[in-house]
Amino acid sequence: MQAAALRRHLLDQHHLSPASSSAISAFRSAAQPALAPQGFGGADGARYMSARAPAVKGAGHLVRKGTGGRSSVSGIVATVFGATGFLGRYVVQQLAKMGSQVLVPFRGCEDSHRHLKLMGDLGQIVPMKYNPRDVNSIKTAVAKSNVVINLIGMFFLRHITVILKSHSTYVDLISTGREFETRNYGFEEVNHHMAEQLAMISKEHGGIVRFIQVSALGASASSPSRLLRAKAAGEESVLKEFPEATIMRPATLIGTEDRILNRWAMYAKNWGFLPLVGGGSTKIQPVYVVDVAAAIVNSLKDDGTSMGKTYELGGPDVYTVRDLAELMFETIREWPRYVNLPFPIARAIATPRELLLNKVPFPLPTPSNFNLDQINALSVDNLVSENALTFADLEIKPHKLKGYPTEFLVSYRKGGPSFGSTVSEKMGSADVAPRF
C-alpha cells in the first residue's frame, strides 16, 4: 500500500516522464480489466463479468477464464447443502473439476467432509460448520456465494427389503441421509421448511443468481408417501420464495455408495434370498448418480433457460423392483431366490414404530427392517411423466445401468471379483461407460 501511494505521489508531482506514466496506466488496465456492463453476453461478457455482479439471466455470465480444468476460475462460488451425502459428493466433484469454489456446510463430525477436499484445487473446497435450525449460520454459509444447491433430505429409497438387525451397522455406514423420521427431524421440517428457509435467505441475499432444489421423482401432493408430499410442498415453497429456482426430480439413484443395490447384495450374500414387498411388481426408473450430478452442473452452464423449470431425471430403462433385483443377482453371480411379502403384512409390521415414535420417552430403533412410508410409496409406479423436461433438455444422455454403473457389485461375489466371469468379461467389455 505504501508503494502504491508513493507511485501515485510521483505521478501527481510529474516526477515520471509521460511515456512512463502511459506505460503504468496501460499495465493497470491490463491487470484489472473493466467489468462488462450488466447483460453483456458472448464470450467476452462471460470472461470479464464479475462473479459477484448480478447477472440478468442465468449463470452463463459467471464463467471468467481458464481452460475449464480444476485450476481454472469458473466464477461460480457454490454453497452445496447436503454435500456430504451420496449425490453431494458427485455434485462437488463436477463443480470442482471445472474450477468452481465449493462451500460445504456440514453438521456432523470433522471427518464427514474430508473426502471432498481432494476433489478441487487447493483452497477451493471450503468446509463450514453450520446448524440447519440456526438462521445466522445459514446466512454465513451463503454469504459469499452466487449459487446455492439444496440436497438436504434428497435421498428416498422407494424400494425396501428386509434387513436384519445384525447387519444394520454396515447399512448405516454406507447411508448418506435418512428415508425415515426421527424424534429430532420429521419429513415436513427437512424437506419442506428447510428448503423454504434456504430459498428465502438466498433471495434476501441479493447476489444469489441460481438456486437449485433437488427433490425426488414422484413428488406430489396426492402421493401416498408423506415424504413425497413434503417434497412437493417444498418445491412449491421454493418457487414462491425464489421464482427463478430450478427443480430437479431424480429417480432412485444407483452408484457405488447407493442404499438399494448394496443392501440387497449384502442381504442376498448372507442369507441366500431376498424379500420383496408386493412381489417387486412396482415399476421404477433408476438412474446413475453421475448423470444426475452432470445435469445439475449443466443447468448452471446454460444461458438461463433452465431457470424456473422442473426436470424429471429418470434412467433410460424402466424396471420393476424384481427386474432390478435380477440385475443385482446376475452381477454378484448368485442364484436368485425371493420371498414375496404382501403389502398388508408389511404395513402391519411397520405401523407400531410410527405410532410410538413421539409417544415414548426414549429413541426407537431405526426402521432397517420395515419403513411404513416406503411401503406406501411402493404401492404406485414411479416413472418420468410423459411431457416432463428430462436429461435430453439438458443435453445429457443417461447411461444404462447394466455395465459400469453397477460394476461395484462385483465386490459381493463370494469367490472374489473374477468369480464366475466369462473370458470376454476378463478381457474387458467394449460396451463400458466412460469413467468419471
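**View 1. Helices H4 and H10 cross in a right-handed sense in this predicted model.** Helix H4 covers residues 86-96. Its axis lies 9 Å from that of H10, at an angle of about 50°. That angle makes H4 oblique to H10. Which residues of H4 meet H10? They are Phe-86, Leu-87, Tyr-90, Val-91, Gln-94 and Leu-95. On the H10 side, the residues they meet include Val-289, Val-292, Ile-296 and Leu-300. Several alanine and valine residues of H10 also take part, among them Ala-293, Ala-294 and Val-297.

**View 2. Helices H7 and H8 pack side by side at an angle of about 10°.** Helix H7 runs through residues 187-205. The two axes are 8 Å apart. With that angle, H7 is roughly parallel to H8. Residues of H7 in the contact include Phe-187, Asn-191, Ala-195, Ala-199 and Lys-203. From H8 come, among others, Arg-226, Ala-230, Gly-234, Ser-237 and Glu-241.

**View 3. Seven strands form an open sheet with parallel pairing.** The strand order is S3-S2-S1-S4-S5-S6-S11. Why does one side of S3 and of S11 lack a neighbour in the sheet? Strand S3 (125-129) and strand S11 (310-313) stand at the edges, and each has a single partner strand, so one side of each is left without a neighbour. From one strand to the next, the twist averages 20°.

**View 4. Strands S1 and S4 pair within the sheet, and helix H10 packs on it.** Strand S1 spans residues 77-81, and strand S4 spans residues 147-150. They run parallel and share 4 bridges. Look for Thr-79: its bridge partner in S4 is Val-148. Helix H10 (residues 289-301) touches S4, S5, S6 and S11. The direction of H10 makes about 160° with that of S5.

**View 5. Strand S6 is covered on both faces.** How many of its residues are buried? The count is 5 of 5. Thr-246, Met-248 and Pro-250 sit on one side. Ile-247 and Arg-249 sit on the other. Strand S6 runs parallel to S5, and 3 bridges join the two. One bridge pairs Val-214 with Met-248 of S6. Helix H8 (residues 226-241) lies across S5 (210-214) and S6 (246-250). The angle between H8 and S6 is about 165°.

**View 6. Gln-285 sits in the loop between strands S9 and S10.** Strand S9 covers 283-284, and strand S10 covers 287-288. Is Gln-285 buried or exposed? Its relative accessibility is 12%, so Gln-285 counts as buried. The side chain of Gln-285 has polar partners in the backbone. One is the backbone oxygen of Gly-315, at 2.9 Å. Another is the backbone nitrogen of Val-384, which lies 3.1 Å from a polar atom of the Gln-285 side chain. Beyond four places in sequence, the contacts of Gln-285 include Ala-251, Gly-314, Asp-317, Val-318, Asn-382 and Leu-383.

**View 7. Thr-320 lies in the short run of strand S12, residues 319-320.** Its relative accessible area is 18%, so Thr-320 is buried. Which residues does Thr-320 touch, not counting those up to four places away in sequence? They are Gly-280, Ser-281, Thr-282, Lys-283 and Ile-284.

Technical notes. Residues are numbered from 1 along each chain as its sequence is written. This is a predicted model: local features need pLDDT of at least 70, side-chain atom pairs count only at pLDDT 80 or more; totals for chains, interfaces and linings use all residues. Side-chain values use heavy atoms; hydrogens and water are left out. Buried means under 20% relative accessible area, exposed over 50%, partly exposed in between (1.4 Å probe, protein chains only). Contact means heavy atoms within 4.5 Å. Two strands pair if DSSP finds at least two bridges between them. Axes are lines fitted to C-alpha atoms, for helices over the stretch in contact, and angles run from 0 to 180 degrees between N-to-C directions. A polar contact is a pair of N or O atoms within 3.5 Å; within protein, one must be able to donate a hydrogen and the other to accept it, and residues adjacent in sequence count only if both atoms are side-chain atoms. Angles under 35 degrees count as roughly parallel, over 145 as roughly antiparallel, 65 to 115 as roughly perpendicular and the rest as oblique. A crossing is left-handed if the near helix is turned anticlockwise from the far one by less than a right angle, and right-handed if clockwise.
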